[in-house]
Amino acid sequence: MRYGSESALLGGHVSDTSSAPDDRFGNLYGANFGPLLGYALRRAATAEDAADVVSETFLVAWRRLADVPAGSDARLWLYGVARRVLANQRRGTERRDRLGERLRHDLAAAVPDHADLLTARADLTTALARLGVVDREVLQLTAWEGLDPREIATVLDMPAGAVRTRLSRARARLRRELGDDRGVDGHVAGDPLTSAPRNRRESS
Amino acid sequence: MTKSTTGPMPEPPYTDDDVMALPLDRARQELLEEIMSTPTLHTDNTPAPPADKPRRTRWLVIVASAAAAAVVVTGPVWWAQRGGSESTTGNVSSWAVRAAEDAPRVLVDAPGWEITYVYGFGSPEGELTFSNGSQELDVHWRSAENYDRYFRDRAHVSTGTPVELLGKPSTMFTYGEGDYTTIRPVEGDSFLEVRGGVGDRSQYLAVLDQLVFTDVDTWLAAMPPEVVMPAERVETIQGMLEGVRTPPGFDISTIPAEDLGDRYHFGARVTGTVACAWIERWHQATRAGDDAAANAAAAALQSSKQWPILLEMDRQGDYPEVLWEIADKVQAGRFPVAYKQGLGCD
């Protein structure tokens, strides 16, 4: 069994040119565990799903370490993987591996009110939920992950110019939505942001 | 990667600080150890090369939906013959064609307009973005069951105005100057919403007038070039099968075309179908006590580690390793229980 360098994990020092894959992965993991877990928690229906997204994404990174880009693009690469893992969850596909039992357990215990929190936020993000999927993703990646258009383009595999256009338009659309006080009635049920993926999974 | 503002964007349900404060140190360490004790096929010490450009991750391990069931069909190995037969070509692309038949096949019938982004092809809900370089129009298709909710939602935006959209009385709503949306009543299992920032009201209506329904071939041909088109599918499959050992009688018409995916996803469809056919043969031979046939099938699966298309895909994602893990199980004489799911041929 090979373990990563704990000092690297704790220190969060990223050395992309490390000669040892174990060290490189340890650094990658340490530097990105928090951001990736945040990405997953902000989007997944349950804490367990968020844990699965983190586990699967890092497993892919471990197996494809040579393909993980260096520098800050590594996080974009991870977001891109996580996005697909989330999409798979929503389509109801089964997990291939079953890693991260402890993370699933501890995370569920750490955020016992996850579903309530999402429900509460759903009221606040009603306007966001009215947007199209792509507009919403562009806005979320900008505001929640702090990505710029070039980075979003990498995650979504869109031309950067198209992201800029999208972002500008999506902002305007969101502004109009927020300026239109429609209350909960205006919420469109079934939107990915505000409805539980597990419900869609069951119905699919 | 710095935080930037988006104006009126709602706060996230969790901030990074919230996440960092969660008591997960032990779980984090345990997961790391679990992952790093997972075997990889490539454990060389070569440092990862710098990415020459931002890379899209096409790692997806495809798990087939019920619609993508692969059926092992015996028939002539005609795929090596350039050109093939038209009827088989039709079979190969039949899923995509059926998906297109069910989809709202909308195009903008005006010079310069093309589809620039597709989301959800083959799904009950999706989105097409059209652009002519300076203007963009989004065409959403959504499930019929959501029509009332969306209409009610848009009715809060503004008073609806009757317009005609694709030959049907529809309702236009105004978000603001230069931002309009039109909802078309349910037709079949879905309804359309067309939203555009294409100029003023008259310009928007002019573009609406240029929307047309098209036939399947025209619509599929208008898809962005990076997707695998049905007309190109046979040639693409033939290319992907170069260097791939296929079972006797393997028929490429058995390769399902679940969606118009990219080369990685399509390669998974192709190699998954071949691998599943070998596994099926191995399983049958094993049960029949035909050691020679079983060994041949296992060897063929082992040869997948040299299949050029899988080596190509191995740089992009995880699918080849799934296939190789299964091949190793077969080689060890163990039935790969969930192979259909793992390879996308269930």
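Q: Are H9(B) and H10(B) roughly parallel or roughly antiparallel to each other?
A: This is a predicted model, in which local features need pLDDT of at least 70, side-chain atom pairs count only at pLDDT 80 or more, and totals for chains, interfaces and linings use all residues; side-chain values use heavy atoms, without hydrogens and water. Residues are numbered from 1 along each chain as its sequence is written, with chains lettered from A and ligands numbered from 1 in the order in which they are written. H9(B) and H10(B) pack with their axes 8 Å apart, at an angle of about 155° (between N-to-C directions, from 0 to 180 degrees, axes being fitted to C-alpha atoms over the stretch in contact). With over 145 degrees as the cut-off (under 35 is roughly parallel, 65 to 115 roughly perpendicular, the rest oblique), the pair is therefore roughly antiparallel.

Q: How many nonpolar residues does the contact of H9(B) with H10(B) have?
A: Let's look at who meets whom, a contact being heavy atoms within 4.5 Å. On the H9(B) side, Trp278(B), Ile279(B) and Trp282(B) are among the residues that meet H10(B), whose partners include Ala297(B), Ala298(B) and Leu301(B). The contact has one polar residue and no charged ones, and its nonpolar residues number twelve.

Q: Which helix of chain B does H10(B) pack against with axes 9 Å apart?
A: H10(B), residues 291-302, makes this packing at an angle of about 155°. Residues Ala298(B), Ala299(B), Leu301(B) and Gln302(B) take part, facing Ala327(B), Asp328(B), Val330(B) and Gln331(B). These residues divide into five nonpolar, two polar and one charged. The partner, spanning residues 319-331, is H12(B).

Q: Is Thr271(B) buried or exposed?
A: Thr271(B) sits in helix H9 of chain B, residues 263-288. Leaving aside residues up to four places away in sequence, Thr271(B) touches Trp307(B), Ile309(B), Leu310(B), Tyr319(B) and Leu323(B). Because its relative accessibility is 1%, below the cut-off of under 20% (over 50% is exposed, in between partly exposed; 1.4 Å probe, protein chains only), Thr271(B) counts as buried.

Q: What percentage of the residues of chain B count as buried?
A: Chain B has 13 helices and nine strands (DSSP runs, H or I of at least four residues and E of at least two, numbered from the N terminus). Among its contacts between residues at least 6 apart in sequence, 59% join residues at least 24 apart. Of the 346 residues in chain B, the buried share is 51%.

Q: What distance separates the C-alpha atoms of Gly38(A) and Ala50(A)?
A: Over in chain A, Gly38(A) lies in helix H2, residues 21-41. Gly38(A) counts as buried because its relative accessibility is 0%. Ala50(A) is twelve residues from Gly38(A) along the chain, and their C-alpha atoms are separated by 8.6 Å.

Methods:
Nonpolar A, V, L, I, M, F, W, Y, C, P; charged D, E, K, R; others polar.
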